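Colleague: Could you give me a close reading of a single part of this model, set out as one connected account? I should like to follow how that part is paired, covered and connected to what lies around it.

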Amino acid sequence: MHPMLGIAVRAARRAGAIINRAARDIDVLSVTRKRHNDFVTEVDKSAEQAIIEILHRAYPDHAILAEESGATAGTAGESEYTWIIDPLDGTTNFIHGFPQYAVSIGLRHKGVLVQGVVYDPTNNELFTASRGRGAFLNERRIRVSKRIRLNEALIGTGFPFRDFEGLDEYLSMFRELTARTAGLRRAGAAALDIAYVAAGRLDGFWEMGLSPWDMAAGALMVQEAGGLVGDFRGDSGYLESGRMICGAPKIFAQLVQVIGPLAAK
């Protein structure tokens, strides 16, 4: 395992332990609404702090982009490395006791994703990837599915709760893909959905209104597992636009063919 990936795994497991302890007594948690349908708990903050402490200790000059605090060591302009962190992706699921959430930690070097960890603490499933070294689930190599026909594909998605202006646009895509696929699934944790694409559990995924920390780690996993990742046009700007499609190669191409013409921008 690459040393930087090893540090990220340690940080993800530490955060996962904090989340699992809190999950035993969810009713006493302090929950704050950031905006409509977007929540943060003391667990998000504690898990993020634990991750940042471990990363800072190992790499004090690396930049950090974190969902809750935005904490930085150095700046993105001064450091070649940026850690992209979501300490608890699927907070709404977590506070309802719905066991679909994860820790996500990605690393960019000179703008290129090079390391990724998605950790599901409920099931103790650790998804990892290093650029050029493949993707793994609990140290077992994973690959995207071999499915080639969209009408046989199971596709993940997420409603754009941060982008209500795009809701009609999204619903047109949802309607079209409902008719053209074997099924759509909306579990509520994008980082874990994307990791599931890498593991072949989902054949593809699309969503809009995402943030970099929702996508960074999982995107690298999909690529290292033999899949493709892009924006709604199939291009590389998904981290900036928040509009992502990923999947097995032939499924990815068919998703772009359906979604691209329906995309407003």
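Modeller: Two strands are said to pair if DSSP finds at least two bridges between them. With that criterion in hand, I shall take strand E6 as the part to examine, bearing in mind that the model is predicted.

E6 comprises residues 112-120, and 8 of these 9 residues are buried. The strand belongs to an open sheet of 7 strands with mixed pairing, whose order is E3-E4-E5-E6-E7-E8-E9. The edges of this sheet are E3 (63-66) and E9 (140-141), each of which pairs on one side only. E6, by contrast, has strand E5 (residues 102-109) as an antiparallel partner and strand E7 (residues 125-130) as another.

On the E5 side, the pairing extends over 7 bridges. Within this register, Ser104 stands opposite Val118 of E6. The connection is a hairpin with 2 residues between the strands, and Lys110, in the turn, has a positive phi of about 55°.

On the E7 side, the pairing extends over 6 bridges. Here Tyr119 is placed opposite Leu126 of E7. A hairpin again makes the connection, now with 4 residues between the strands, and the turn residue Asn124 has a positive phi of about 55°. For reading these registers, one general point is useful: side chains in a regular strand alternate between the two faces of the sheet.

Farther along the order, strand E8 (residues 134-137) is joined to E9 by 2 bridges, and the two run antiparallel. Phe136 faces Arg141 of E9 there.

Two helices bear directly on E6. Helix H1 (residues 3-23) lies across E4 (81-89), E5, E6 and E7, and runs at about 30° to E6. Helix H5 (residues 190-198) also packs on the sheet and touches E4, E5, E6 and E7, but its direction makes about 105° with that of E6.

H5 deserves attention as a neighbour of E6. Since 9 of the 9 residues in H5 are buried, the helix is largely enclosed by the rest of the structure. Its buried residues include Leu192, Asp193, Ile194, Tyr196 and Val197. After the helix comes Gly200, whose phi is positive, near 80°. Arg201 lies over the face of Tyr196, at 4.8 Å from the ring centre.

For context, the model also holds an open sheet of 5 strands, likewise with mixed pairing, in the order E11-E10-E12-E14-E13. Because E11 (183-185) and E13 (228-230) are at its edges with a single partner strand each, one side of each has no neighbour in the sheet. From one strand to the next, the twist averages 15°. Helix H4 (residues 167-180) packs on this sheet, in contact with E10, E11 and E12, and its direction makes about 160° with that of E12. E10 (residues 154-158) and E12 (residues 204-207) run parallel and are joined by 4 bridges, and Gly156 has Phe205 of E12 as its bridge partner.

To return to the part in question, E6 is a mostly covered strand, held in hairpins with E5 and with E7, and H1 and H5 both pack against it.

Conventions:
Residues numbered from 1 in each chain as written. Predicted model: local features only at pLDDT ≥ 70, side-chain atom pairs only at ≥ 80, totals over all residues. Heavy atoms only, no water. Buried < 20%, exposed > 50% of the residue type's maximum accessible area, 1.4 Å probe, protein only. Axes fitted to C-alpha atoms, helices over the stretch in contact; angles between N-to-C directions. Contact = heavy atoms within 4.5 Å. Lys NZ or Arg CZ within 6 Å of the ring centre and 35° of its normal.
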